[in-house]
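Q: Please take a close look at one part of this model, the place where the two chains meet, and describe what the contact is built from.

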Amino acid sequence: MRLGHWLATFGRFWWEFIVGDTPEIALGVAVIVIAGWLVAKSAPTAALVVVPLAIIALLVASLRRGLNAA
Amino acid sequence: MADREGRSHGVARVTATVLVGLAVFAACAVEMVEALTIVLAAGLTRGWRSALEGSALAVLVLAAIVAAVGPALIHLIPMSVLRVVVGSLLLVLGLQWLGKAILRASGHKALRDEVAIYKREVTRLSGLPLRGSGRDAAGFVISFKGVFLEGLEVVMIVLTLGLSSGNLGVAVIGAGSAVVLVGIVGAVLARQLSEVPENSMKMGVGLMLVTFGTFWGGEGAGLQWPGADLALFGLLALYGVTAWVAVGLLTRSRRQSGAAETT
């Protein structure tokens with residue numbers, strides 16, 4: 001019972017830490033990391049440009065969501 | 001030729017190490033200002049002994065987490081996997097900080113008001129019954145929770161930046177100096193925490209976390225950044241310009257919508 005409670009608290013902490021009120025960032029980072037890994041295998045030079053630009057696009061998307069929520 | 005290459009590589013490494021130390025220092029300073037607001041409120045209303053003991057215990061527990069988890073992660077997890085996980089965590093954390101800092105700097109989100117938070121805490125704590133002598137449980141627990149919860153984010157930054165750069169020591173020193181500095185400044189200035197440029201610091205930390213997150217996440221995923229560690233400066237400049245443009249555009253759009261509302 002105590003262990004279950006502790007695990008739930010631990011899980012809630014990580015959920016709040018990673019997802020929190022910006023789920024689009026958590027999801028977007030996961031997509032970028034996987035996509036970056038795939039692009040790096042086939043076109044390593046292109047990945048150097050694509051990854052930072054994708055991160056900027058994610059920041060813009062998150063800002064738009066923040067503006068709508070504000 | 002090889003000597004010059006080696007020297008520039010060495011300079012890039014040293015600069016990257018300094019950047020790691022600065023990022024951890026600034027992140028820790030921001031979180032400690034937030035924790036200090038709670039500790040000051042607890043100290044002034046419930047007594048300093050309980051507040052300081054609660055804070056000291058929280059710092060000890062946080063240090064123990066770094067000491068226990070840090071070396072274990074280095075030995076148990078391959079560096080490439082660690083860098084992908086750490087890079088992703090830094091990106092998530094950095095984009096969260098950066099996004100909120102941009103919205104606050106452009107006036108779309110209210111700035112964190114430490115004075116208002118302090119006053120709210122004082123009112124809340126003053127309402128609780130006070131024991132005559134000895135340790136006050138409420139003051140102890142509230143200070144412990146305040147420092148521990150704010151400090152957990154710092155622990156995450158110390159571990160992620162420290163492990164990926166291979167400079168856990170530098171990260172720990174950066175965090176430790178911020179704790180000492182904010183503690184001294186807090187003790188001297190007491191209730192003038194609103195003077196701290198918290199949002200600018202958060203913006204700087206957010207930029208550095210996103211930069212390191214991109215760099216190490218990319219390296220873990222198999223990217224080879226041109227110029228090795230020097231690429232950090234290119235990424236930092238790219239994200240810095242993006243944030244600057246975003247703040248400018250959002251500030252202008254807010255002014256325009258404000259002007260349209262008044263006419």
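A: In this predicted model, the side chains of A:D21 and B:K100 meet in a salt bridge, with N and O 3.7 Å apart. This pair crosses between the chains, running from B:K100 in helix 3 of chain B to A:D21, which sits in the loop between helix 1 (2–18) and helix 2 of chain A. The distance of 3.7 Å falls inside the cut-off of 4 Å, and the pair is therefore counted as a salt bridge. Across the interface of chain B and chain A the rule finds 1 salt bridge, while the count over all chains comes to 5. Polar contacts between chain B and chain A number 2 residue pairs, both at pLDDT 80 or more.

On the side of chain B that touches chain A, helix 3, helix 5 (137–165), helix 7 (198–220) and helix 8 (231–262) each supply at least two residues. Helix 3 of chain B, which also carries B:K100, gives the most to this side, with 13 residues. Sorted by class, the side of chain B that touches chain A holds 21 nonpolar, 8 polar and 2 charged residues.

Taken as a whole, the contact draws 31 residues from chain B and 26 residues from chain A. Between them the two chains bury about 2,400 Å², and 86% of that area lies on carbon and sulfur atoms.

Within this contact, one helix pair can be followed residue by residue. The axes of helix 2 of chain A (residues 23–42) and helix 3 of chain B (residues 79–105) come within 10 Å and cross at roughly 140°, and the crossing of helix 2 of chain A past helix 3 of chain B is right-handed. From helix 2 of chain A, the residues taking part are A:I25, A:A26, A:V29 and A:V33, and they meet B:V84, B:S88, B:L91, B:V92, B:L95 and B:Q96 in helix 3 of chain B. The residues of this helix-to-helix contact divide into 8 nonpolar, 2 polar and no charged. Helix 3 of chain B thus appears in two settings: its residue B:K100 pairs with A:D21 in the loop between helix 1 and helix 2 of chain A, and residues including B:L91 and B:L95 meet helix 2 of chain A.

Note on methods:
Residues numbered from 1 in each chain as written. Chains lettered and ligands numbered in written order. Predicted model: local features only at pLDDT ≥ 70, side-chain atom pairs only at ≥ 80, totals over all residues. Heavy atoms only, no water. Axes fitted to C-alpha atoms, helices over the stretch in contact; angles between N-to-C directions. Helix = DSSP H or I, 4+ residues; strand = E, 2+ residues; numbered from the N terminus. Left-handed = near helix turned anticlockwise from the far one by under 90°. Contact = heavy atoms within 4.5 Å. Nonpolar A, V, L, I, M, F, W, Y, C, P; charged D, E, K, R; others polar. Buried area = accessible area lost by both parts, 1.4 Å probe. Polar contact = N/O pair within 3.5 Å; in protein donor to acceptor, adjacent residues only side chain to side chain.
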